[in-house]
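Got the viewer open? Here is a short tour, one selection at a time.

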Amino acid sequence: MSQVRLYTAMSLDGFVADSDGDSTWLEPYQNSFIYQSGFLDSIGAVVLGRRTCQMVQAFGEWPYPDKSAFILSSQRPWAVPVGAHIVPHGIVPAVQAARECTSKDVWIVGGAVTMQSALEAGLVDIVEICIAPYLIGSGLSLLNSLEKQQMLEFDGIHAFTDGMVKLRYDVVRSQRISGR
């Protein structure tokens, strides 16, 4: 059965974008954490929020042409990528649909609200955070404020030649901590 993976990158000081929402500082590291890692080969479907989808589209060619894509949105005012599905009713039906269409893993691409919703709904099996050797100083944090705390179990670390480090954790289901 496929696993749901939260796989993302952030700066060493914990930001996914600067104060303007710009994440172009991450471009020099994408080759290692997306392509060299073999990560994309293990993914059969992606789930992303509307704003993240529009941001990805603004960069040019759709990067997931061979993956089933599920976009969380209650509106459809833009050109949706070919083969992508709009899911207006939240993260749970989006992840269910993604899992049903592939035997490979499902990637929660982002943004922060989408990742946070997946964690809070108990849908994530694996959390992988790539930390770039870059300091932004201020900006958008990885997660805003989780309503439920989540226990993770360390599963490994990988260092890339460009200085990026990937931390991998399994979500612990039996010891979930509720509230704060």
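Start with glutamate 128, which stands opposite arginine 168 in β10. Before you go further, note that this is a predicted model, with local features needing pLDDT of at least 70, side-chain atom pairs counting only at pLDDT 80 or more, and totals for chains, interfaces and linings using all residues. Residues are numbered from 1 along each chain as its sequence is written, and side-chain values use heavy atoms, leaving out hydrogens and water.

**Strand β7**

Now select residues 126-132, strand β7, where seven of seven residues are buried. (Buried means under 20% relative accessible area with a 1.4 Å probe, protein chains only; strands are DSSP runs of E of at least two residues, and helices are runs of H or I of at least four, numbered from the N terminus.) In a regular strand the side chains alternate between the two faces of the sheet. Here Ile126, Glu128, Cys130 and Ala132 are buried on one side, and Val127, Ile129 and Ile131 are buried on the other.

Show the neighbours next. β7 runs antiparallel to β10, joined by six bridges, and pairs with β1 in the parallel sense over seven. Look for threonine 8, which stands opposite isoleucine 129.

**The whole sheet**

Zoom out to see an open sheet of eight strands with mixed pairing, in the order β5-β4-β3-β6-β1-β7-β10-β9. Two strands count as paired if DSSP finds at least two bridges between them. The edges are β5 (84-87) and β9 (152-159), each pairing on one side only. From one strand to the next, the twist averages 25°, with axes as lines fitted to C-alpha atoms and angles running from 0 to 180 degrees between N-to-C directions. At the β9 edge, seven antiparallel bridges connect β9 to β10 (residues 165-171); one to pick out has glutamate 153 partnered with aspartate 170.

**Aromatic rings**

Switch to side chains: the whole structure has seven aromatic pairs. Rings of Phe, Tyr and Trp (its six-membered ring) pair if their centres lie within 6.5 Å; planes under 30 degrees apart are stacked, over 60 edge-to-face, and the rest tilted. Tyrosine 7 and tryptophan 107 are edge-to-face, because their planes sit at 80°, with centres 6.2 Å apart. This pair links strands β1 and β6, 100 residues apart, and both residues are buried. Phenylalanine 39 also meets tryptophan 107, with centres 4.9 Å apart and planes at 90°, so this pair is edge-to-face too. Add Trp62 and Tyr64 to your selection: ring pairs link them with Tyr7, Phe39 and Trp107 into a cluster.

**Helix α4**

Jump to residues 112-120, helix α4, where seven of nine residues are buried, including Met115 and Leu119. Just after α4, check glycine 122 for a positive phi of about 75°.

**Pockets**

Finally, turn on the surface. What is the volume of the largest pocket? About 1,200 Å³. (On a 1 Å grid over the protein atoms alone, a pocket is an open set of points where a 1.4 Å probe fits, with protein on both sides within 12 Å along at least five of seven lines; lining residues have an atom within 4 Å of a point. The volume is the space filled by probe spheres set on the points.) Of its 41 lining residues, the closest to the centre are Thr52, Met55, Val109, Gly110 and Gly111.

The second largest pocket has a volume of about 150 Å³, and its lining includes Leu6, Leu119, Val127 and Ile129.

Notes
Buried means under 20% relative accessible area, exposed over 50%, partly exposed in between (1.4 Å probe, protein chains only).
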